[in-house]
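Visitor: I would like a close look at a single helix and what surrounds it. Please keep to what the model shows.

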Amino acid sequence: MNTSGDSGGSGTHTHSPENGGGVVLDAEALRALEELGGGDEAFVGEIIELFLAEAVMRVHEMQAGLDGPERERVLQAAHALKSSSAHVGAIQFARCCAELEGLCRTGDGADDLVHTGRRVVAMYGEVQAALKALLRDS
Amino acid sequence: MQKRAIPVEFEELKSSGTLPSPAGVGIKILEITRTDEFSADDMGQAIMSDSSLTGRILELANSADRAGQEPITTVSAAIMRLGATTVRNLALAFSVISERDDGSCKAFNYPLYWSGSLARAVAAKSLSVHVGGVSSEEAYVAGLLAEVGVLALATVHSEPYAKVLLETRGQPMSAVLAAENEAFDIDHSTICYCMMLDWGLPESFASGVESFNLERLSSEDDVKLDTLSDLLRFADAISSAMLLTATTPPRRINEVGEQLDRLQQVLGYSDTDVARLVGQIAGEWSRWGERLDISTCLVSFDSIKEAIRRGREAFKKELTLQTGGGIRCESVVADNIVTTEDVVEDARGLGAEKIKVLAVDDDPVALRLLVTVLRKQGFDVSFAKNGAEAMRISMREGPDLIVADQEMPEMSGLELTRALRRSKRGASMYIVLLTGAREEDLLVEAFESGVDDFVHKPFDARHLMARLRAGMRIVGLQRRIEEDRRTILRQLADKNNFNRRLKMLSLTDLLTEVPNRRHAMERIESEWKSSVRSGSQFAVLMVDIDRFKAVNDTYGHDVGDVVLKSTAQAISGALRGENQVARLGGEEFLIIARGANAEDAKVLGERVRLVVEENVVEADGFRDGVTISIGVASFDQGFVAVSEMMKAADDAVYQAKTLGRNQVRSARGDSQEAEGLVARRRSA
């Protein structure tokens, strides 16, 4: 799989209007992931699929948590998403999750929390699309 | 060869006090073995005081080329099998290594020196089977120390020697020797010779190593493997081949290639044979490297062959083009060559066993990545999705390393660590925690809980591996300590066993193999005390073989001895339970009968008398039964001291003898008439 080149790379450099033009998937991080697989062609795809399956449930959890809002529930979901998304190159998304996690921990205003939470959920849509595109291209 | 005078230049080097030398136990061994008549026991004791040294010597004594023999588990056994001198030399060589550190000579590659020396030692050991008169251990020591003169110069004259090395880089060894003489009035070959003599190694050994140092380059027609010097030359070729670097001059590579060709010719080996030999040497090299903490690299014979082929081609070009420096040609060889910079710290290492790693993460993506990275590095990987599962697997499989995520629901990485550290198994595991950037403030708490190291998430493979390598080192050390501990325990058991045997021997009569007088007396004392304390019964039966002097006089002492042995066995066979016979001396025995009163003792005596009477002793020219007279004394007869009781039994024997032998008499309770008879006979 080629994630570093420009051949079919609609996914790697997808621009996100909501994040001031930041990239959804970080090419550097994806290259690192590829390196971890050490030449195993199917490896990156496998990891991405694993992430997508896992993340759907977490995002669902987060949405449910935001309705309350139940801080603990949101916190758990944000923490898990932060960790796994960073591995598949969704660095911006991971940062957002980290921010949300921080808000849950400090116990600051619920408004901020819900606002950031919604942003994370929306952003996940882009991450998901970019990753799926990447899977298709490979 | 006559021992040469030690040159004053060497004495000067020595007086610098910085010559490479054995340390600690090594010094002690040097002192103990200064003279030819040193005590092997003293030396053994000194070696045993250093458990890792002990382990190394035992490992060498048990190595593959001595397969088929009983494994050696103690230093004393190693001394017995290998000889005290060999063990001594091994101990010295190992202790020189353990003292090493990277010195200050900038042009001298210390790690490469030790890698090369170890490779040469292992190669020499392997080749020693082809050379008469050189044992594999001697070959090992010679290989290890063959270039110690170079190390000495680098250590004592670090700066001027760096200059010599730089100026002669890429030139033949003869040029190096000349430059050394020019600069220091002494060369590494002579220093090596003097150092070996100084350490008490035999002159033949020192001069063999010296000829290796002087002649290894001028042996073009020498296709033989007869002497220590030949052995070292070929071993050096093999070790050099395993350590070719990008900067090895083509000329040297060509030399190594030629030496290997000659070796193949001498041994009559096929290419496959040579490949197998090199493979075996490389394997042993890396095992010893592990043991001695010396870097080694993974080499394959194919890559060596290819490197040599390129080197030789380059050398030919160099000759035809007369390019002089050869820099251009070196670059031809430089790629695809085995290099020491590639020294591999192999995760699959630590002997044959794979290192077991447990990966713990609740995030499936991270866990999958972790497992992939670890497996790729050759670890034996198991994984767990939460703390509780990790705990179970840890207890069941006892992993060496654990990589655990800190933030997991229910049981965090920290809690897992604390729980593991409370268990005996978990106490020695190396635990690396994966943490997010925010968890910095955990640091102190985590270390206090027993976490060994941290890696930030998301991790990259290189970073994680660097941390795990540190962990592997610790695991390796722990395994080594555990091994040493087992060696010590084995030795202790051996020593105790020996002491027990010694004690038993000191209490046993060597001829009849029944307990001796000393043992009998100890036993009676304790029986007496116990009877006084608790009122329990015990009796002694003094036994004397009738007319034994006549047997000795008629048939000789050899037959007499057989009579004693046979009678002792007969008596012993007639006894039951805790009753015991001992030989007091001469033809006199004593039976100690626990729990017996006067009556019981007499019955016992009668039984013993009968058994002996019926026992036929067969010896050279003698086939007959003997009889015994027995005197009984028992605790219930009211003696006031052991000595009185023993004297009474003794008197009763006299009585039995006087009354016609082959009978049992009791000290008190037999007829007064008999007592009177004894009294009259004695006074007569």
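Guide: What follows looks at one helix of chain B, then at a sheet in that chain, the contact with chain A and the confidence scores. The model is predicted.

The helix is H20(B), residues 387–397. Its buried residues are Gly387(B), Ala390(B) and Ser394(B). Viewed along the axis of H20(B), these residues fall within an arc of 55°, so they line one face of the helix. An α-helix has 3.6 residues a turn, so residues three or four places apart point the same way. The face turned away from the buried side of H20(B) carries Arg392(B) and Arg396(B), both exposed.

What do the buried residues of H20(B) pack against? Three strands and a helix of chain B take that place: strand S1 (356–360), strand S2 (380–384), strand S3 (401–405) and helix H21 (413–422). Just after H20(B) comes Gly398(B), which has a positive phi of about 55°.

Further along chain B there is an open sheet of five strands, in the order S7-S8-S6-S11-S12, with mixed pairing. Its edge strands, each paired on one side only, are strand S7 (580–585) and strand S12 (664–666) of chain B. From one strand to the next the twist averages 25°. Strand S11 (residues 628–634) of chain B pairs with S12(B) in the parallel sense over three bridges. Within this part of the sheet, Val632(B) has Ser666(B) in S12(B) as its bridge partner. Helix H27 (residues 598–614) of chain B packs on the sheet and touches strand S6 (538–545), strand S8 (588–594), S11 and S12 of chain B. The direction of H27(B) makes about 165° with that of S11(B).

The contact between the chains takes 18 residues from chain A and 15 residues from chain B. On the side of chain A that touches chain B, helix H1 (27–37), helix H2 (43–67) and helix H3 (71–87) of chain A each supply at least two residues. H3(A) gives the most, with seven residues. By type, the residues on that side of chain A are nine nonpolar, seven polar and two charged.

As for confidence, the model scores ipTM 0.79 and pTM 0.44. Chain B averages a pLDDT of 81, and 87% of its residues score at least 70. Over residues 323–352 of chain B, pLDDT stays under 50, and the model has 63 contacts beyond four places in sequence for them. Residues 671–684 of chain B also stay under 50, with eight such contacts. Where pLDDT is low, the predicted coordinates should not be read in detail.

Definitions and conventions. Residues numbered from 1 in each chain as written. Chains lettered and ligands numbered in written order. Predicted model: local features only at pLDDT ≥ 70, side-chain atom pairs only at ≥ 80, totals over all residues. Contact = placed C-beta atoms within 7 Å. Helix = DSSP H or I, 4+ residues; strand = E, 2+ residues; numbered from the N terminus. Nonpolar A, V, L, I, M, F, W, Y, C, P; charged D, E, K, R; others polar. Buried ≥ 20, exposed ≤ 12 C-beta atoms within 10 Å, placed from the backbone. Arc of directions from axis to C-beta. pLDDT = per-residue confidence, 0-100. Pairing = 2+ DSSP bridges. Axes fitted to C-alpha atoms, helices over the stretch in contact; angles between N-to-C directions.
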